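Hi,

Here is the structure I said I would pass on. Have a look at it first, and then read on for what turned up.

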Amino acid sequence: MNTWPGGKRHAIHQYEHEKWNAKNYPGTRQLCTKCDEPTGRCEEDALLDEETGEPLCEDCWKKQEQEASRE
Ligand SMILES: [Zn+2]
């Protein structure tokens with residue numbers, strides 16, 4: 001399931017990441033753009049990075065919220 005091209009999980013570019021995402025999680029499942037873990041959410045209830053609009057997992061989203069509230 002979680003087989004990355006060549007096993008180079010962190011060496012692929014964002015573009016490749018998106019392609020991998022689309023292929024492995026068609027439409028309904030997303031990977032966090034910060035930690036690469038599945039967000040466990042689908043497009044309708046996705047948690048999005050406020051700046052980039054990219055999907056985040058709950059942990060990264062909460063961290064972002066905490067950081068935002070500190071400013
Ligand atoms: Zn994350």
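A quick word on terms before the tour: helices (H or I, at least four residues) and strands (E, at least two) are DSSP runs, numbered from the N terminus. On that basis the protein chain has 2 helices and 2 strands, and reading along the sequence gives the pattern α-β-β-α. Bear in mind that this is a predicted model.

How far can you trust it? The average pLDDT for the protein chain is 79, and 70% of the residues score at least 70. Among the elements, strand β2 (residues 55–56) has the highest mean pLDDT, at 92, while α1 has the lowest, at 73. As a general caution, predicted coordinates should not be read in detail where pLDDT is low.

On to the overall build. The protein chain has 71 residues, and 14% of them are buried. Take the contacts between residues at least 6 apart in sequence: 14% of these join residues at least 24 apart. The largest nonpolar core is made up of 6 residues, namely Leu31, Cys32, Leu47, Leu56, Cys57 and Trp61. One of these, Cys32, has plenty to show: leaving out residues up to four places away in sequence, Cys32 touches Glu37, Thr39, Pro55, Leu56, Cys57 and Cys60.

Now for the loop between α1 and β1, where I spent some time. Cys35 sits in this loop. Is Cys35 buried or exposed? Cys35 is exposed, because just 12 other C-beta atoms lie within 10 Å, and 12 or fewer is the cut-off for that class. Cys35 still has partners further along the chain: setting aside neighbours within four places in sequence, Cys35 is in contact with Cys57 and Cys60. Cys35 and Leu56 are 21 residues apart in sequence, yet 8.3 Å apart in space from C-alpha to C-alpha.

Asp36 is in the loop between α1 and β1 as well. Here the backbone is worth a look, since Asp36 is not a glycine but has a positive phi of about 70 degrees. For context, most residues other than glycine have a negative phi. Asp36 counts as partly exposed because it has 16 C-beta neighbours inside 10 Å.

Further along, Gly40 also belongs to the loop between α1 and β1. With 12 C-beta neighbours inside 10 Å, Gly40 counts as exposed. The C-alpha atoms of Gly40 and Cys57 are separated by 7.2 Å, and the two residues are 17 apart along the chain.

Last stop: Arg41, in the loop between α1 (14–24) and β1 (47–48). Which residues does Arg41 touch, not counting those up to four places away in sequence? They are Gln30, Ala46 and Leu47. Arg41 has 19 other C-beta atoms within 10 Å, so it is partly exposed; a buried residue would need 20 or more. Arg41 and Glu58 are 17 residues apart along the chain, with 9.1 Å between their C-alpha atoms.

Cheers

Note on methods:
Residues are numbered from 1 along each chain as its sequence is written. This is a predicted model: local features need pLDDT of at least 70, side-chain atom pairs count only at pLDDT 80 or more; totals for chains, interfaces and linings use all residues. Two residues are in contact if their C-beta atoms, placed from the backbone, lie within 7 Å. A nonpolar core is a set of buried Ala, Val, Leu, Ile, Met, Phe, Trp, Tyr and Cys residues joined through C-beta atoms within 7 Å. pLDDT is the predictor's confidence in each residue, from 0 to 100.
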